[in-house]
Amino acid sequence: MKNIAFGQYYPARSPLHRLDPRVKIILTILYIVCSFLCKNVWSFALLAISSIMLIILGRVPFKIILGGLRPVLIVLIFTSIINVFWTKGEILLLEWRFIHIYLEGIFSAIFIIVRISSLIIGTGMLLTYTTTPIALTDALEDVLSPLKKVKVPVHDFAMMMTIALRFIPTLVEETDKIMTAQKARGADFSNGNIIDRVKALIPIIIPLFVSAFSRAGDLATAMECRCYQGGEGRTRLHVRHMRFKDFIPLVLIVVFGTGLVLLNIFAPGFTMS
Amino acid sequence: MEEAFIKIENVSYMYEENDGFAKIDRYAVKNVSLEIKEGEFVAVLGHNGSGKSTLAKLINMIYTPTSGKIYIKGRDITDENMSDEDIMGLRKTVGMVFQNPDNQLVATIVEDDVAFGPENLGIPSEEIRKRVDDALADVGMTKYANHEPHRLSGGQKQRIAIAGIIAMLPECIIFDESTAMLDPVGRKEVMESIIKLNREKNITVLMITHYMEEAALADRVVVIDDGRIISDGKPIEVFKKEKELRDCGLSVPQCTELVHCLSENGFDIKGECVDVVSCANMIFEALNL
């Protein structure tokens with residue numbers, strides 16, 4: 001239980017891992033926008049190529065990426081079936097009783113698959129696989145810091161996230177201990193119907209809550225003793241400065257987006273209805 | 001006479017206890033006066049519920065005394081006009097390390113956690129870098145700078161907590177039973193760090209403990225029972241009064257007890273000892289080999 005991994009972070013050395021997390025957050029947002037710019041065969045092809053390039057650039061094994069796509073597999077299959085059978089077009093491929101399959105339908109099914117997988121691969125490669133949760137929290141605080149002007153407690157939320165991440169393994173360990181202790185007193189977690197099992201969880205949850213609250217109290221005192229007074233006047237050990245090379249990916253994504261739009265306009269091909 | 005670093009004058013702390021029938025007022029600390037000089041290593045000894053932890057928390061302004069005065073470097077910290085900055089200044093000067101190492105680490109990476117205090121003080125980042133590196137070196141944890149705290153042992157976590165306090169450059173550190181939850185190896189690591197800080201950096205140490213062996217390492221031992229100081233002096237003098245200590249639920253270090261037993265049973269052993277080496281020497285002399 002001690003080696004619990006947070007999120008989906010995949011440790012590796014790659015240009016994407018090294019990239020400033022703030023840049024990555026902005027890139028992710030822009031990449032999502034880009035995936036919705038695609039309209040025809042060529043732009044979708046470019047989108048698909050870009051996701052594959054991101055995977056290669058991030059040095060994350062394809063197996064892990066496919067594993068990440070598995071939860072949306074049903075959605076993918078379902079939407080593509082609907083698209084194949086229900087899209088009306090001009091080129092009829094197959095007609096059998098009430099079923100009409102048009103070429104346009106096949107294409108829009110492929111488009112949907114490419115779009116959804118690119119969204120998942122893009123956000124995964126740019127954020128979750130290549131950025132540690134803690135770096136992500138810090139970066140979010142920075143990216144959202146303009147909101148401090150309108151009194152949004154950005155620092156406090158970031159601090160809460162950090163503490164939550166810090167205490168996940170501690171509480172997992174604690175749960176483990178409590179479960180063992182209750183088992184030693186004859187508690188049974190694996191037999192009985194669903195109601196019995198839920199009931200069996202109560203003697204775990206109550207001590208866990210009690211200890212979590214007492215930990216929270218202790219931590220608050222310890223933080224006060226270390227002069228914590230909220231975000232005001234706080235400095236940071238790691239100050240991230242935007243360097244010239246951090247701007248290159250931003251330029252690239254703008255070029256990519258422009259490319260998609262140009263392909264939509266000038267390259268003929270099947271267009272998504 | 002030089003001014004005491006910490007001066008406690010007739011301090012009492014009262015709290016309400018609910019015994020199931022009625023609320024009764026109980027004194028956790030009663031009329032305690034104590035002076036601690038700069039650079040001193042003082043152990044506060046007492047059994048559970050004796051008020052020793054309350055005393056520590058009073059010095060750091062986590063609790064405010066019901067009556068009495070506490071001065072730190074001549075400044076009255078019980079003054080009602082203490083501003084937030086004054087309190088922060090006090091907590092920077094007098095750092096505190098708690099019992100449970102898990103509940104005082106804030107960040108998910110060791111060096112970020114050590115940096116937490118200096119970050120709160122608004123110190124420039126280059127300076128924080130230097131302080132973090134120095135603090136980690138002081139507790140011998142430099143190579144763990146980029147580790148996650150939950151993968152470290154209890155003793156290592158506690159040393160990180162100490163480093164987090166050292167990085168604020170305090171003049172005094174209070175250890176509130178900081179070794180109570182550790183295994184013998186972790187206890188030894190932490191004690192070595194504490195002694196090193198006291199000897200090499202001249203940091204005043206106030207160590208709350210209920211381990212006799214640890215108290216024996218201090219320059220001075222203060223014994224607290226039922227909120228009152230019942231004994232105060234060099235370890236060797238305090239542990240001489242074995243019976244008094246036993247009356248308030250404490251014992252003496254094993255080697256002291258051994259020497260006492262031997263002399264009571266007719267061995268020709270004179271004097272007192274609080275550590276294993278001098279105990280061995282005394283027995284060796286008594287045997288007259």
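This is a short tour of the pockets, the chain contact and a salt bridge in a predicted model.

**Stop 1: the largest pocket**

Start by selecting Thr132(A), Ile134(A), Ala135(A), Ile109(B) and Asp112(B). Of the 43 residues lining the largest pocket, these are the closest to its centre. The volume of this pocket is about 1,300 Å³.

Next, colour the elements that give two or more residues to the lining of the largest pocket: from chain A, helix H1 (15-18), helix H2 (21-35), helix H7 (133-144) and helix H8 (154-184), and from chain B, helix H3 (110-120). Which helix gives the largest share of this lining? It is H7(A), with six residues. If you now colour the lining of the largest pocket by class, you should find 19 nonpolar, 14 charged and ten polar residues.

**Stop 2: the second largest pocket**

Now move to the second largest pocket, which holds about 650 Å³ of space. Select Leu16(A), Leu54(A), Leu57(A), Pro249(A) and Leu252(A), the closest to its centre among the 23 residues that line this pocket.

Four helices of chain A are worth showing here: H1, H2, helix H3 (41-58) and helix H10 (244-266) each supply at least two lining residues. H10(A) provides the largest share of the lining of the second largest pocket, eight residues. Keep your class colours on: this lining has 17 nonpolar residues, five charged ones and one polar one.

**Stop 3: where chain A meets chain B**

Zoom out and show both chains. Their contact takes 31 residues from chain A and 39 residues from chain B. Between them the two chains bury about 3,100 Å², with 55% of that on carbon and sulfur atoms. On the chain A side, pick Arg166(A), Arg226(A) and Leu237(A): these lose the most area to chain B, and together they account for 28% of what that side buries.

Stay with Arg166(A) and add Asp102(B) to the selection. The two form a salt bridge, and their closest N and O atoms are 3.7 Å apart. How many salt bridges does the rule find across the interface of chain A and chain B? There are four. If you turn on polar contacts between chain A and chain B, the count is 14 residue pairs, with both residues at pLDDT 80 or more.

For the backbone view, highlight H8 and helix H9 (194-225) of chain A, each of which supplies at least two residues of the side that touches chain B. By class, that side of chain A has 15 nonpolar, eight polar and eight charged residues.

**Stop 4: a salt bridge within chain B**

Over all chains, the count of salt bridges comes to 32. For the last stop, select Glu40(B) and Arg220(B), whose side chains meet in a salt bridge at 3.3 Å, N to O. Glu40(B) lies in the loop between strand E2 (23-36) and strand E3 (41-45) of chain B, and Arg220(B) lies in strand E9 (residues 220-225) of chain B, so this pair ties together parts that are 180 residues apart in sequence.

How values were computed
Residues are numbered from 1 along each chain as its sequence is written. Chains are lettered from A and ligands numbered from 1 in the order in which they are written. This is a predicted model: local features need pLDDT of at least 70, side-chain atom pairs count only at pLDDT 80 or more; totals for chains, interfaces and linings use all residues. Side-chain values use heavy atoms; hydrogens and water are left out. On a 1 Å grid over the protein atoms alone, a cavity is a set of points where a 1.4 Å probe fits but cannot get out, and a pocket is an open set with protein on both sides within 12 Å along at least five of seven lines; lining residues have an atom within 4 Å of a point. Grid points are joined across faces, edges and corners, and a volume is the space filled by probe spheres set on the points. Ala, Val, Leu, Ile, Met, Phe, Trp, Tyr, Cys and Pro count as nonpolar, Asp, Glu, Lys and Arg as charged, and the others, Gly among them, as polar. Contact means heavy atoms within 4.5 Å. Buried area is the accessible area (1.4 Å probe) that two parts lose on being put together, summed over both. A polar contact is a pair of N or O atoms within 3.5 Å; within protein, one must be able to donate a hydrogen and the other to accept it, and residues adjacent in sequence count only if both atoms are side-chain atoms.
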